[in-house]
Amino acid sequence: MKQSDCVIVPSREDATNTCAVEAMSMSKICICSDMAGITKYISDKENGYIFHSEDIQMLVEKIMYVVDKKEKQESLRKHARMTYEKYFSYNAFRQELMKIIEGK
């Protein structure tokens with residue numbers, strides 16, 4: 001994961017892909033099928049890329065864009081990490097658990 005530029009999640013159905021979450025934790029770019037549950041947290045071209053399930057051409061275009069514009073993806077990488085911090089980090093989990101315990 002450390003040496004990867006991006007992670008591709010081609011799933012037709014997947015609640016929350018742990019590889020995508022791990023990638024976001026490491027400020028990596030995620031390219032995900034619109035059928036993957038993780039896309040609930042991803043906005044296309046803001047903190048990752050989304051393609052329509054089974055649209056191979058769209059997937060190829062997203063991959064080529066990430067490869068060709070690798071040096072221009074820093075903002076997207078930062079937003080991916082921010083998404084991880086907000087929804088998937090230990091602190092986010094702890095805060096949600098505390099809300100449940102406190103009955104809020």
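In the predicted model, S33 is in contact with V9, P10, S11, T39, I50, F51 and S53, leaving aside neighbours within four places in sequence. S33 is found in strand β2. Its relative accessible area is 0%, and S33 is therefore buried. One of these partners, S11, lies in the loop between β1 and α1. S11 also counts as buried, at 18% relative accessibility, against a cut-off of under 20%. Beyond four places in sequence, S11 touches N17, S33, M35 and A36.

The fold around this site can be set out briefly. Four helices and three strands make up the elements of the protein chain. Their order from the N terminus is β-α-β-β-α-α-α. Along the principal axes, the C-alpha atoms fill a box of roughly 50 × 30 × 20 Å. The protein chain has 104 residues, of which 34% are buried. Of the contacts between residues at least 6 apart in sequence, 43% join residues at least 24 apart. The exposed surface of the protein chain is about 7000 Å². Carbon and sulfur atoms supply 52% of that surface. The protein chain carries 16 positive and 16 negative charges. The mean positions of the two sets are 7 Å apart.

Helix α1 spans residues 18-25. Its buried residues are A20, V21, A23, M24 and S25. In an α-helix there are 3.6 residues a turn, so residues three or four places apart point the same way. A20 and M24 are both among the buried residues of α1, as are V21 and S25. The buried residues of α1 pack against three elements: β1 (6-9), β2 (29-33) and α3 (74-87). At the start of the helix, a side-chain oxygen of N17 comes to within 2.9 Å of the backbone nitrogen of C19. N17 is also one of the residues touched by S11. S27 follows α1 and has a positive phi, near 60 degrees.

Helix α3 provides two contrasting positions. L76 lies in this helix. With a relative accessible area of 6%, L76 is buried. Not counting residues up to four places away in sequence, L76 touches I29, K45, E46, N47, G48 and Y49. One of these, I29, falls within β2 (29-33). The C-alpha atoms of L76 and Q57 are separated by 22 Å. These two residues are 19 residues apart along the chain. M82 is also found in helix α3. M82 is exposed, with a relative accessible area of 52%, since the threshold for that class is over 50%. M82 and M24 are 58 residues apart in sequence. Their C-alpha atoms are 8.3 Å apart in space. M24 itself is buried in α1.

Aromatic pairing was examined next. Across the whole structure, a search finds four aromatic pairs. Y41 and Y87 form a tilted pair. Their ring centres are 4.8 Å apart, with 55 degrees between the planes. Y41 lies in the loop between β2 and β3 (49-51), and Y87 lies in helix α3. The pair therefore ties together parts that are 46 residues apart in sequence. Both residues are partly exposed: Y41 has a relative accessible area of 21%, and Y87 one of 40%.

A second pair joins Y49 and Y65. This pair is edge-to-face, at 5.9 Å centre to centre and 70 degrees between the planes. Y49 lies in strand β3, whereas Y65 lies in helix α2 (residues 56-68). The pair thus links parts that are 16 residues apart in sequence. Y49 counts as buried, at 4% relative accessibility. Y65, at 42%, counts as partly exposed. Y49 is also one of the residues touched by L76. Y41 and Y87 belong, with F88, to one aromatic cluster.

Note on methods
Residues are numbered from 1 along each chain as its sequence is written. This is a predicted model: local features need pLDDT of at least 70, side-chain atom pairs count only at pLDDT 80 or more; totals for chains, interfaces and linings use all residues. Side-chain values use heavy atoms; hydrogens and water are left out. Helices (H or I, at least four residues) and strands (E, at least two) are DSSP runs, numbered from the N terminus. Buried means under 20% relative accessible area, exposed over 50%, partly exposed in between (1.4 Å probe, protein chains only). Contact means heavy atoms within 4.5 Å. Accessible areas come from the Shrake-Rupley method with a 1.4 Å probe; for residues, only the protein chains shown count as cover. Lys and Arg count as positive and Asp and Glu as negative; His and the chain ends are not counted. The place of a charge is taken as NZ of Lys, CZ of Arg, CG of Asp or CD of Glu. A polar contact is a pair of N or O atoms within 3.5 Å; within protein, one must be able to donate a hydrogen and the other to accept it, and residues adjacent in sequence count only if both atoms are side-chain atoms. Rings of Phe, Tyr and Trp (its six-membered ring) pair if their centres lie within 6.5 Å; planes under 30 degrees apart count as stacked, over 60 as edge-to-face and the rest as tilted.
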